[in-house]
Amino acid sequence: MSDHGRAVRVRISGKVQGVGFRYWTRDEAVRLGLTGWVRNEEDGAVVAVIAGPDSAISTMIERFRRGPLGASVSSVETEATQLDKNPTDFRITR
C-alpha cells in the first residue's frame, strides 16, 4: 500500500440503512479520491473498506460520524487492513 497510502475497514452502526448511506459513502469517497467498497450488513450496520492517503481517510472517517441526511450514527469502528491489491475505484457491493 505504500504507493497508495493505507487501507482501513470501517463499521458504522446506528440508523444507517434505508437512508442512502452506501450511495452517500461512494460519492464522498470519490470526492476525496479514495478507493474501496461499501456494503450493508445483515445486522443493520454498514461496512466499508477505504484506501488512499492518510488525510483523505481521516476526513472520510469524520464524515462517517455524521453520515448523510436521515442517518443517525451511533458508532464508527475502524481497523487497519491489508489489501491483496489496490482497488482502482469505489464500489457499492452486496
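User: Let's say a salt bridge is a side-chain nitrogen of Lys or Arg within 4 Å of a carboxyl oxygen of Asp or Glu. How many salt bridges does a search of the whole structure find?

Analyst: First, this is a predicted model: local features need pLDDT of at least 70, side-chain atom pairs count only at pLDDT 80 or more, and totals for chains, interfaces and linings use all residues. Residues are numbered from 1 along each chain as its sequence is written, and side-chain values use heavy atoms, with hydrogens and water left out. With that settled, the number of salt bridges found is nine.

User: Which residue forms a salt bridge with Glu79?

Analyst: Glu79 sits in strand β4, and its partner is 70 residues away in strand β1 (strands are DSSP runs of E with at least two residues, helices are runs of H or I with at least four, and both are numbered from the N terminus). The closest N and O atoms of the pair are 3.8 Å apart, and the partner is Arg9.

User: Is Glu79 buried, exposed or partly exposed?

Analyst: Buried means under 20% relative accessible area, exposed means over 50%, and partly exposed is in between (1.4 Å probe, protein chains only). Its partner Arg9 comes out at 28%, which counts as partly exposed. Glu79 has a relative accessible area of 44%, so the label is partly exposed.

User: How far apart are the closest N and O atoms of Arg26 and Asp27?

Analyst: Arg26 is partly exposed at 29% relative accessibility, and Asp27 is partly exposed at 36%. Their side chains form a salt bridge, with the closest N and O atoms at 3.7 Å.

User: Which residue does Glu41 meet in a salt bridge?

Analyst: Look for an N to O distance of 2.6 Å from Glu41. The partner counts as partly exposed, at 25% relative accessibility. That residue is Arg39.

User: Which residues are joined into one network by salt bridges that share partners?

Analyst: Side chains of opposite charge can pair when their charged atoms come close. Here, salt bridges with shared partners make a single network of Glu28, Arg31 and Arg63.

User: On to α1. Which of its residues are buried?

Analyst: Helix α1 covers residues 21-32, so look among those 12 residues. From its first C-alpha to its last, α1 reaches 16 Å. Its buried residues are Phe21, Trp24, Thr25, Glu28 and Ala29.

User: How wide is the arc that they cover around the axis?

Analyst: An α-helix has 3.6 residues a turn, so residues three or four places apart point the same way. The arc is taken from the directions that run from the helix axis to the C-beta atoms. The buried residues fall on the same side of α1 because their arc is only 130°.

User: Which exposed residues sit on the face of α1 turned away from its buried side?

Analyst: The buried side is covered by parts that include β1 (6-15), β2 (35-40), β3 (46-52), α2 (54-66), β4 (72-80) and β5 (90-92). The face turned away from it carries Val30 and Arg31.

User: What phi does Gly33 take?

Analyst: Gly33 comes just after α1. Its phi is positive, at about 80°.

User: Which are the edge strands of the sheet?

Analyst: The sheet is open and has five strands in the order β4-β1-β3-β2-β5, with mixed pairing (two strands pair if DSSP finds at least two bridges between them). An edge strand pairs on one side only, and here that goes for β4 and β5.

User: In what sense do β2 and β5 pair, parallel or antiparallel?

Analyst: β2 and β3 pair in the antiparallel sense over six bridges, for comparison. In β5, Ile92 is the bridge partner of Val38, while Trp37 stands opposite Arg91. The β2 and β5 pairing has three bridges, and its sense is parallel.

User: Which residue in the hairpin of β2 and β3 takes a positive phi?

Analyst: Asn40 has Val46 of β3 as its bridge partner. Five residues lie between the strands of this hairpin, and the one with a positive phi near 100° is Gly44.

User: Last one: is Arg11 buried or exposed?

Analyst: Arg11 is in strand β1. Counting heavy atoms within 4.5 Å as contact, and leaving out residues up to four places away in sequence, Arg11 touches Glu41, Asp43, Ala45, Val46, Val47, Ser75, Val76 and Glu77. Its relative accessible area is 18%, so Arg11 is buried.

Technical notes:
Expected span 1.5 Å × (residues − 1).
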